Amino acid sequence: MIGGAGMLLGASPAQAADISYKTECIPPAISGLPPVQGTTKVQLTAPASAKVGDTVEVTWKTVQAASSNPDVLDLDKDTVKPTGTVKLGGAATGDLKMEGPRQNPAIPKNSPMIVSDMKGTLKLEKAGDLTLTPDAYALNVSKPISTDTKCTPKETVQPGATIKVTDGGGSTTGGTTAGGTTAGGTTAGGTTAGGTTAGGTTAGGTTTGGTTSGGTTSGGTGGTGGATDFPGKEVVVNFACKSPGPEEGIASKVTINAKKKGGSYALTVKTAKGVMDSPAPLPAGALKPSMNIVIGGADKGSVTVTGPGNPKALEKDKPVSLTDMTGTYKPGASGKATLTPGALTIDVMLAGTKITIPCTVKGTPQASLELDTTAQEGGASGGDTGGSGGAAAAGGGTASGGGLAATGAEDNGSLRALGLVAGTAILLGGAVFTFTPWRRLRSGRS
C-alpha cells in the first residue's frame, strides 16, 4: 500500500486538530536513566477525498516535542532526522512509513526541539473512509556520533486525518476540516526507525602474524642463555563487552609472542584483522586497545599490554583492526609460566572525551604461550607487572585490584557523565538517544 505508481493527489488538504498522546522513550544503558515519559503533539495532513487507484501524500508535523533540548550540549544545524509510522484504519489496514529530511535549525541547550516534517505516500485500493493515526516514531542525531531513540504511544491515539475514498468519477464533497497545510521539508534519504544494533559476535579470524604450530617455548630458561624469541600459538577468545560496547561481544584470535630481554620478556599481542566496524568517522589515533594478560602456572599475576591509536583515519562502518599491543613481563617465580589473553579494553576519543568500552573474557581460553622462567626481584608473583593494579582472575576474567576489566564499566556515574559530555545521551522529545557504537561485528579476516 505504501508508495506505488500514480500521481500524487493535490486536492484540498484535510487537516485535523492537533493530536496529543502520552509517549514512552527508552534511554540507553549508558545514561543510567529510567524510561522517559512525555507527551507528543502531532498534526497530520492528507487529501480530504480521493479515488481508488490514486496515490496520495501524507504529512506528519511534530507540533511540540515532549521536552526541550536540556542543558547538555547544543545540537548543530541539520543533524536531526525523524522517521515514524502512521496506522491505517477503516478502508485500509497496515502501517504507512514516514520519513523526514535531516533539516533543523541549530538547537541551543534549554530550547524547544524543532524537527522536520515527515512525509509518506499511499496508494488507495479500497473505497470508504480511511483513517490515519500517528504512532511510534524515532529520531536520529548524526553528530558527534550517530545516535537513535525509539518512542512509542502509551495510550490509545485518536485518528489525525480521514480520507474519503470513492470508486471513481467525481470526488466526494465535504470532509475537510479547518486549518492550513503544514509547513516543512521534503523527504530525503533516510534511516529506519529504531536504533538497535544489528550486532552479533564475530567469528574467529586470523592473526596478523607470529603464529606457530605449537605454542610452547622451545626450551630456554628465563635467566640464562638459549632462545630469545618465543612465538605463541593462536587461540580464539570471546569477549563480552559492556555498554556502550557491542551487545553480543567480540570474538577474535589472539597470539601472545615474547622476546627475552635480560630476566624479563617483551610481549607483543596480536589480534585478528577486521574484528569490528568503525562506530563513527574517527581521526587517526582515536581508537586505542589494551589487554590484561593473565599469568598462570608457576607464576601468578597479570601484565597490561597497550597498543597505539589507529594509524589512519577510520570511515564509519568500515573494518577496523586493533593495533598490536605491547608490554613487559617480569617473572616473579621460577618454573613454567603460562600467558593467557584476558580482559580487553577499547578507548575511543570522541569530541575531546574518552569513552571506555570494557570487554571481559567469556569462558576459559587456552594459554597462548608457556615460558620457562626464573624469578626476578620485583616480578609478578601475584601482582600486575604492567602497572594497572591487582592480579587478574583465572581464565582472563575481571581484575581484582582495578585492572582493565573494571575500567569505567562498573562506575555507573562515570559512564553517565561520559555519555552526557560526549553527546551519547541527549534528551530529545522526552527521549535519550541510544549509543550504538558498532552496527555490526565482522568475522576476523586473514
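The second largest cavity of the structure has a volume of about 40 Å³, a cavity being a set of points, on a 1 Å grid over the protein atoms alone, where a 1.4 Å probe fits but cannot get out, and a volume being the space filled by probe spheres set on the points, which are joined across faces, edges and corners. The model is a predicted one, in which local features need pLDDT of at least 70 and side-chain atom pairs count only at pLDDT 80 or more, while totals for chains, interfaces and linings use all residues. Residues are numbered from 1 along each chain as its sequence is written, and side-chain values use heavy atoms, with hydrogens and water left out.

A search of the whole structure returns two cavities of 30 Å³ or more. Rolling a probe the size of a water molecule over the atoms shows where empty space is left. The lining of the second largest cavity, that is, the residues with an atom within 4 Å of a point, consists of F239, I250, S252, T271, V275, M291, L322 and L344. These lining residues divide into six nonpolar, two polar and no charged, where Ala, Val, Leu, Ile, Met, Phe, Trp, Tyr, Cys and Pro count as nonpolar, Asp, Glu, Lys and Arg as charged, and the others, Gly among them, as polar.

At the level of the whole chain, the assignment gives one helix and 25 strands, helices (H or I, at least four residues) and strands (E, at least two) being DSSP runs numbered from the N terminus. Of the 446 residues of the chain, 50% count as buried, with buried meaning under 20% relative accessible area, exposed over 50% and partly exposed in between, for a 1.4 Å probe and protein chains only. Among contacts (heavy atoms within 4.5 Å) with a separation of 6 or more, residues 24 or more positions apart account for 76%.

The lining residue F239 belongs to strand 13 and counts as buried because its relative accessibility is 2%. Apart from neighbours within four places in sequence, F239 is in contact with G249, I250, M291, G342, A343, L344, C359, T360, V361 and K362. The C-alpha atoms of F239 and L344 are separated by 7.5 Å, although the two residues lie 105 residues apart along the chain.

The structure holds one disulfide, defined as a pair of cysteine sulfur atoms within 2.5 Å. The bond is formed by C241 and C359, whose sulfur atoms are 2.1 Å apart, and with 105° about the S-S bond the link is right-handed. Distant parts of the chain are thereby linked, with C241 in strand 13 (residues 235–241) and C359 in strand 22 (residues 353–362), 118 residues apart. C241 counts as buried because its relative accessibility is 10%, and C359 is likewise buried, with a relative accessible area of 0%.

In soluble globular proteins, nonpolar side chains tend to be buried together. Here, a nonpolar core is a set of buried Ala, Val, Leu, Ile, Met, Phe, Trp, Tyr and Cys residues joined through side-chain atoms within 4.5 Å. The largest such core has 41 residues, of which M291 and Y329 touch the most other members. Its largest share, six residues, comes from strand 21 (residues 335–350). A second, separate core of 36 residues includes L75, A91, M98 and C151.

Several further positions were examined individually. T85 is located in strand 6 (residues 80–90) and is classed as buried because its relative accessibility is 11%; residues up to four places away in sequence being excluded, T85 touches W60, D95, L96, K97, T133, P134, D135 and A136. D135 and A136 also appear among the contacts of P153, which, neighbours within four places again aside, is in contact with Y21, K22, T23, D135 and A136. P153 lies in strand 10 (residues 147–153), and its C-alpha atom is separated by 4.5 Å from that of T23, 130 residues apart along the chain.

A161, in strand 11 (residues 161–166), counts as buried because its relative accessibility is 4%, and the C-alpha atoms of A161 and L132, 29 residues apart along the chain, are separated by 5.3 Å. D78 lies in the loop between strand 5 (55–64) and strand 6 and has a positive phi of about 55° although it is not a glycine. D78 counts as partly exposed because its relative accessibility is 31%.

Key: 1 Å grid on protein atoms, 1.4 Å probe; cavity = no way out; pocket = protein on both sides within 12 Å on 5 of 7 lines; lining within 4 Å.
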